[in-house]
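Dear colleague,

Please find the structure below, handed over for your study. A short account of the findings follows.

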Amino acid sequence: MTLDMHFYFEDDNHSETVLLLHGFMSDLESMKSIGENLSDEYNLLYVDLPGFGGSGSVRHDYDMEDVSHGISEILDSLHLDKVHVIGYSMGGRTALSFGVLYPEKVHSLILESASPGLADKEEKAQRLEIDRKRARKITEDYQKFLDDWEGMGLFKSQQHLSEEVFKAQRSMRERQQPKEVADSLLKYGTGVQPSYWSRLENLKMPVLLITGSDDRKFVAVNKKMAESIEKVRLETVGGAGHNIHLESAEKFDTIITEFLK
């Protein structure tokens with residue numbers, strides 16, 4: 001099927017383009033802090049994933065592989081043969097899906113706090129039930145859900161962020177539409193997306209895996225991922241949690257700039 005995804009293409013006539021894919025409850029604007037530091041050497045393609053920003057979820061019947069197909073169609077519409085892909089968390093899962101399904105369109109993959117999904121059926125079923133409960137909470141009381149989400153241990157390391165940065169992140173989350181957010185979670189969240197563990201060995205492009213040292217679950221996941229990827233670089237950023245590009249922006253920018261070169 002065709003997904004109508006909103007995107008913004010910053011074409012400065014560079015020879016290569018970087019595609020940036022955002023995380024859950026945000027939109028393409030959240031990735032512009034990364035793109036700004038790459039704009040001297042790369043064209044930039046920002047995409048609102050389904051359910052966020054200007055891309056609807058509720059009106060479509062789709063799954064993760066349809067999202068990857070939609071991204072492929074965006075590249076075709078812009079006459080882009082290959083791109084570097086940077087994805088954060090949910091965007092990282094999407095970037096990995098795109099790399100698995102359309103390897104011929106990927107120069108390199110940069111996956112920040114990402115995973116290939118869940119291979120264990122029981123674990124996947126448990127996660128789907130968690131996601132269903134979250135979807136209900138999102139539609140019942142979105143502000144309460146945001147309070148609970150920001151209080152999760154996953155984001156404890158963000159307590160040192162300035163009030164200005166934290167408020168900007170909260171404002172972006174509040175701009176999203178609860179019904180769209182909830183719907184997206186049930187269509188390409190971790191509980192329903194395909195597991196790509198068995199296909200990691202098929203990735204032949206250079207892959208950079210980035211995690212924050214305080215995000216122990218994803219550090220372990222990414223170490224295991226690295227064992228199956230041929231051309232892989234694994235980076236763990238000290239003192240950071242799940243959102244490295246927000247919590248340790250300078251280190252993150254240095255790492256991805258060196259990798260892309």
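A polar contact is a pair of N or O atoms within 3.5 Å; within protein, one must be able to donate a hydrogen and the other to accept it, and residues adjacent in sequence count only if both atoms are side-chain atoms. This is a predicted model, in which local features need pLDDT of at least 70 and side-chain atom pairs count only at pLDDT 80 or more, while totals for chains, interfaces and linings use all residues. Residues are numbered from 1 along each chain as its sequence is written, and side-chain values use heavy atoms, with hydrogens and water left out.

One such polar contact, of 2.9 Å, joins the side chains of serine 97 and tyrosine 196. Serine 97 belongs to helix α3 (helices are DSSP runs of H or I, at least four residues, and strands are runs of E, at least two, numbered from the N terminus). Serine 97 counts as buried because its relative accessibility is 0%, buried meaning under 20% relative accessible area with a 1.4 Å probe, protein chains only.

Helix α7 (residues 178–188) is mostly covered, with 8 of its 11 residues buried. These buried residues pack against α2, α3, α4 and α5, where contact means heavy atoms within 4.5 Å.

There is also an open sheet of 7 strands with mixed pairing, in the order β1-β3-β2-β4-β5-β6-β7; two strands pair if DSSP finds at least two bridges between them. Strands β1 and β7 stand at the edges with a single partner strand each, so one side of each has no neighbour in the sheet. Strands β6 and β7 run parallel and are joined by 6 bridges; leucine 208 has arginine 233 in β7 as its bridge partner.

With kind regards

Methods:
Buried < 20%, exposed > 50% of the residue type's maximum accessible area, 1.4 Å probe, protein only.
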